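Colleague: I am new to this one. Could you take me through it and give your reasons as you go?

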Amino acid sequence: MTVLVTGGAGYIGSHTVRALVAQGRDVVVLDSLELGHKSRVGNVPFVEGNISDAKIIDKVCRKFEVSEVIHFAAYKAVGESMEQPLRYYNNNVAGTIALVRALMANGVEKIVFSSSAAVYGNPDHVPVTEDAPLRPESVYAETKAIVEKFLSSCESIGLRSVSLRYFNAAGASADATIGEDWSMSQNLVPLVMKALLGFSGPLNVFGNDYPTPDGTCTRDYIHVEDLAAAHIKALDYLNGGGKTLACNVGTGIATSVLEVISIAEQVSGQKVPHIISSRRAGDPVSVFADPTLARALLGWKANHDLRDIIGSAWKWHSSSAK
Ligand SMILES: NC(=O)c1ccc[n+]([C@@H]2O[C@H](COP(=O)([O-])OP(=O)(O)OC[C@H]3O[C@@H](n4cnc5c(N)ncnc54)[C@H](O)[C@@H]3O)[C@@H](O)[C@H]2O)c1
């Protein structure tokens, strides 16, 4: 009974691998290392390879007696996805289809998938619930919506899945030994850290005239360790016979850009250099989750607040920055 974690050498995957190991579960990581770091997975069994390589999946399933999968492996850069649709569809969609085919050939019929709140695009109502229409606004988000649909179609052939729609993943491990690689991220928290530590110019705040309490956009920031815990709950749900599901993973709290800056200043004791620029095309005003379904069906809720997120990110980036 082993959990195969694809993309386990990446940011969210490595935190989830730790959480699985801490619960005494058997784990094997498969990662191409194109964007991940082997050092993040410690002593956990690791196989370097691609999800689309049926021979490798076959070998891993047999050798480690894989019973379920958490599937993180994908490309995630929104801007890049618009310039390289072939590459994104190939890795995120075709790669997942090849993976599922090889898993099912080995009798593996439970999968937890990394989806994204980006599938909602700019939602009409917030907090957004899972029955909101899917209106992806980037190639990246399209690949997530398509894989969700593909997985849901596969229920008729015996595959059960949980697609976790992550909101804004952020933060680092409590011991500050693993965290987000800022060289590969356009997310707000690492950008704030870069500006704080002098590894970039001032942070750009895109627009302060939105209809929000302080005029800046609001998002739902979720601690990476809370996200990791949600994957384990999703596995338990599937192991308990749960049906295919798509589920928000967020806190339900809308946090503005200026609030993130303010907490970062309190945590670090330093000013975050920033400038207010004009609005950026395509930025939704406010996106935050209704996390009711995750609580009801998975028994999961977020335990960390924004201060924990920024505090852990500060500890990680200030000790590892180079
Ligand atoms: N970070 C976020 O804020 C966020 C938000 C929503 C959804 N997601 C999704 O969560 C997942 C993990 O995100 P992350 O932030 O940890 O990304 P990441 O880039 O840190 O990790 C992805 C890992 O997958 C590996 N990988 C990519 N393609 C592969 C392939 N074909 N075969 C094997 N390994 C492959 C990479 O080497 C990397 O280690 C992704 O699917 C991403 O789209 C992330």
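Colleague: How many Å apart do the C-alpha centres of domain 1 and domain 2 lie?

Modeller: They lie 26 Å apart. This is a predicted model. Domain 1 covers 2-170 + 221-249, and domain 2 covers 182-220 + 252-288 + 304-320.

Colleague: How many residues does the contact take from domain 1 and domain 2?

Modeller: It takes 17 residues from domain 1 and 17 from domain 2. A pair counts as a contact if the C-beta atoms lie within 7 Å. On the domain 1 side, strand S7 (168-170), strand S10 (221-223) and helix H7 (224-239) each supply at least two residues. The largest share, three residues, is from S10. By class, that side has 11 nonpolar, three polar and three charged residues.

Colleague: Why does the largest nonpolar core lie between domain 1 and domain 2?

Modeller: Both domains give residues to this core, so it lies between them. The core has 102 residues. Val-192, Ala-264 and Ile-310 have the most contacts inside it. H7 gives the most to the core, with 10 residues.

Colleague: Which residues is Ile-310 in contact with, leaving aside its neighbours within four places in sequence?

Modeller: Ile-310 is in contact with Val-189, Val-260, Ile-263, Ala-264 and Val-267.

Colleague: What makes helix H6 mostly covered?

Modeller: Seven of the nine residues of H6 (188-196) are buried. Buried takes 20 or more other C-beta atoms within 10 Å. Leu-188, Val-189, Pro-190, Val-192, Met-193, Ala-195 and Leu-196 are the buried residues. They pack against S7, strand S8 (203-206), helix H8 (257-268), strand S13 (274-277) and helix H10 (306-320). Gly-198 follows H6, and its phi is positive, near 75°.

Colleague: Why is strand S11 called largely enclosed by the rest of the structure?

Modeller: Five of the five residues of S11 (245-249) are buried, so the rest of the structure largely encloses this strand. Leu-245, Cys-247 and Val-249 point one way. Ala-246 and Asn-248 point the other way, and these are buried too.

Colleague: How many bridges join strand S6 to S11, and do they run parallel or antiparallel?

Modeller: Five bridges join S6 (160-166) to S11, and the two run parallel. A pairing needs at least two bridges, so five are enough to call these strands paired. Ser-163 stands opposite Ala-246 in S11.

Colleague: Where is Gly-158, and is this residue buried or exposed?

Modeller: Gly-158 is in the loop between helix H5 (139-153) and S6. There are 9 other C-beta atoms within 10 Å of Gly-158. The cut-off for exposed is 12 or fewer, so Gly-158 counts as exposed. Its C-alpha atom is separated by 6.4 Å from that of Glu-109, 49 residues away along the chain.

Colleague: How many residues surround the ligand, and which are the closest?

Modeller: The ligand has 28 residues around it, and the closest are Gly-7, Gly-10, Gly-36, Ala-74 and Ser-114. To count, a residue needs its C-beta atom within 6 Å. Helix H1 (11-22), helix H4 (85-105), strand S5 (110-116) and S7 each give two or more residues to the shell. H1 gives the most, with three.

Colleague: How many residues of each class does the shell around the ligand have?

Modeller: The shell has 11 nonpolar, 14 polar and three charged residues. Gly counts as polar in this scheme.

Definitions and conventions. Residues are numbered from 1 along each chain as its sequence is written. This is a predicted model: local features need pLDDT of at least 70, side-chain atom pairs count only at pLDDT 80 or more; totals for chains, interfaces and linings use all residues. Domain bounds come from an automatic or database domain assignment. Two residues are in contact if their C-beta atoms, placed from the backbone, lie within 7 Å. Helices (H or I, at least four residues) and strands (E, at least two) are DSSP runs, numbered from the N terminus. A nonpolar core is a set of buried Ala, Val, Leu, Ile, Met, Phe, Trp, Tyr and Cys residues joined through C-beta atoms within 7 Å.
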